[in-house]
Amino acid sequence: MTDRLDTLWYTRCPVPTGLGIAIQQGWLEAAFRAQGTKVSSLLESNDFATRESHFSHTLQNSVRHGGNIPAISAKARGRDTRVIGLSWADETQLILASPESGIATVRDLKGRRFGLPNWKNVEIDFTRAQAIRGLENALRLEGLEVSDVELVDQDIESHYSDERAENIGGTLARRVGGSRARANNLEVIALLRGEVDAIFLKGAHGAQVAHQFGLTTVIDTGAHPEPLIRSNNGTPRTLAVDGHLLDHHFDAAVTILDQVLRAEAWAQDHPSEVRRYLARETNASEYWVSVAYGEDAQTRLRTDLATQSVEAIQDFTDFLHRWGFIPQSFDVGGWIDRRPLDALRSARVAG
């Protein structure tokens with residue numbers, strides 16, 4: 001028997017997710033309102049600890065759909081969370097160089113300076129981890145290792161959760177002129193100043209920066225045919241809930257998954273609307289959404305528990321431990337809870 005849930009806390013990253021579309025459509029709120037449950041946004045909270053749960057998953061009765069590094073980190077640090085879905089939407093993952101550097105190929109990176117973000121006051125530096133992953137995957141294609149380049153840290157003293165997000169026309173954004181904006185772009189600034197020779201950027205933001213500043217794309221690992229080369233923070237993305245929600249409000253977990261799959265099914269036949277929604281999610285134009293995620297982005301919105309996705313998360317978890325981003329690796333299979341997806345599928349067959 002499931003207990004009644006007073007409040008469901010939700011959060012998603014500024015990337016393509018079924019949860020993000022379900023929220024923008026109003027479907028998640030409507031589904032839970034019918035059950036007498038209020039839905040609240042973590043990132044829009046006035047409380048630092050609540051906002052920080054987007055990265056640490058400490059808040060009870062919450063769901064998060066987005067980059068897998070914070071989710072993996074929370075699990076590795078002993079938080080009781082479960083993955084109920086994985087979504088694999090490929091995106092651009094760019095190693096970028098300044099034209100003046102003379103770097104044109106991955107082999108040209110040997111011995112050169114690579115700029116890395118270094119958030120000094122956060123539990124998990126997902127930006128650094130995803131950059132090292134992209135760099136390592138690119139270098140290994142040419143028989144090189146990260147030790148073959150010079151890593152140049154861009155130290156950041158502020159915190160991810162310092163500023164509250166505001167919902168402006170469907171886009172979650174932080175105030176203009178806030179400290180987070182500059183912190184998010186320190187490696188770009190270092191590249192433009194000539195202090196480093198290459199950096200890693202991904203998604204719509206990365207594609208737009210590369211174009212605006214005429215940067216050289218050394219490689220896009222997000223376009224590589226091998227899934228584990230494309231595997232990074234956003235590939236695949238985790239749909240995770242806390243253990244308390246599953247144990248005491250199982251029907252709520254099924255409802256979440258139901259609305260995510262509903263949004264993804266709707267997306268398949270509405271490419272133009274999806275581009276608009278993803279532009280809001282990523283705070284980018286529809287053009288850069290198409291560049292970063294493909295003109296067929298709607299077809300990539302699929303949440304399941306496919307073997308390829310599970311294997312990729314395991315490989316990435318081992319990578320994060322090898323590089324010291326998490327205190328221990330773990331069995332991803334034991335982290336996944338298939339019951340909500342199985343229950344939803346059974347209900348649909350019976351219906």
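## Fold, cores and local backbone features

Among contacts in the chain (heavy atoms within 4.5 Å) between residues at least 6 apart in sequence, 80% join residues at least 24 apart. The model is predicted: local features need pLDDT of at least 70, side-chain atom pairs count only at pLDDT 80 or more, and totals for chains, interfaces and linings use all residues. Residues are numbered from 1 along each chain as its sequence is written, and side-chain values use heavy atoms, with hydrogens and water left out.

**Overall dimensions**

The chain has 16 helices and 13 strands; these are DSSP runs numbered from the N terminus, with helices being H or I of at least four residues and strands being E of at least two. Its radius of gyration is 20 Å, close to the 20 Å that the globule rule gives for 351 residues, so the chain is as compact as a globular protein of that length. The radius is taken over C-alpha atoms, and the rule is 2.2 Å times the number of residues to the power 0.38. The C-alpha trace spans about 65 × 40 × 40 Å along its principal axes.

The accessible surface of the chain comes to about 14,300 Å², and carbon and sulfur atoms account for 46% of that area. Such areas come from the Shrake-Rupley method with a 1.4 Å probe, and for residues only the protein chains shown count as cover. Of the 351 residues, 58% are buried, where buried means under 20% relative accessible area, exposed over 50%, and partly exposed in between. There are 38 positive and 47 negative side chains, and the centres of the two sets lie 2 Å apart. Lys and Arg count as positive and Asp and Glu as negative, while His and the chain ends are not counted; the place of a charge is NZ of Lys, CZ of Arg, CG of Asp or CD of Glu.

**Nonpolar cores**

A nonpolar core is a set of buried Ala, Val, Leu, Ile, Met, Phe, Trp, Tyr and Cys residues joined through side-chain atoms within 4.5 Å. The largest one holds 71 residues, and Leu109, Ile256 and Leu320 touch the most other members. Not counting residues up to four places away in sequence, Ile256 touches Leu8, Leu28, Phe32, Val63, Leu239, Val241 and Leu245. Apart from this core lies another, of 21 residues, including Trp288, Val289, Tyr293 and Leu301.

**Helix 4 and its surroundings**

Helix 4 covers residues 68-76, and 8 of its 9 residues are buried, so it is largely enclosed by the rest of the structure. The buried positions are Asn68, Ile69, Pro70, Ala71, Ile72, Ser73, Ala74 and Ala76. They pack against helix 3 (48-56), strand 3 (62-66), helix 5 (126-140), strand 12 (237-242), helix 14 (307-322) and helix 15 (332-335).

Ile326 is in the loop between helix 14 and helix 15 and is buried, at 4% relative accessibility. Leaving aside neighbours within four places in sequence, Ile326 contacts Ile72, Ser73, Ala76, Arg77, Thr317, Leu320 and His321. Its C-alpha atom and that of Ile69 are separated by 9.4 Å, although the two residues are 257 apart along the chain.

Ser309, in helix 14, is also buried, with a relative accessible area of 4%. Beyond neighbours within four places in sequence, Ser309 is in contact with Leu86, Trp88 and Pro236.

**Helix 8**

In helix 8 (residues 203-212), the buried residues are Gly203, Ala204, Gly206, Ala207, Val209 and Ala210. Their cover includes strand 5 (93-97), helix 7 (186-193), strand 10 (198-202), helix 12 and helix 13.

**Backbone features**

Most residues other than glycine have a negative phi, and most peptide bonds are trans. The table gathers positive phi values in this model.

| Residue | Phi |
|---|---|
| His57 | near 45° |
| Gly78 | about 95° |
| Gly214 | near 60° |
| Asn283 | about 55° |

Gly78 comes just after helix 4, and Gly214 follows helix 8. His57 lies in the loop between helix 3 and strand 3 and counts as buried, at 8% relative accessibility. Asn283 sits in the loop between helix 12 (271-282) and helix 13 (286-293); at 54% relative accessibility, Asn283 counts as exposed.

The peptide bond from Thr235 to Pro236 is cis, with omega near 0°. Pro236 lies in the loop between helix 9 (227-230) and strand 12, and is one of the residues that Ser309 contacts.

Key. Buried < 20%, exposed > 50% of the residue type's maximum accessible area, 1.4 Å probe, protein only.
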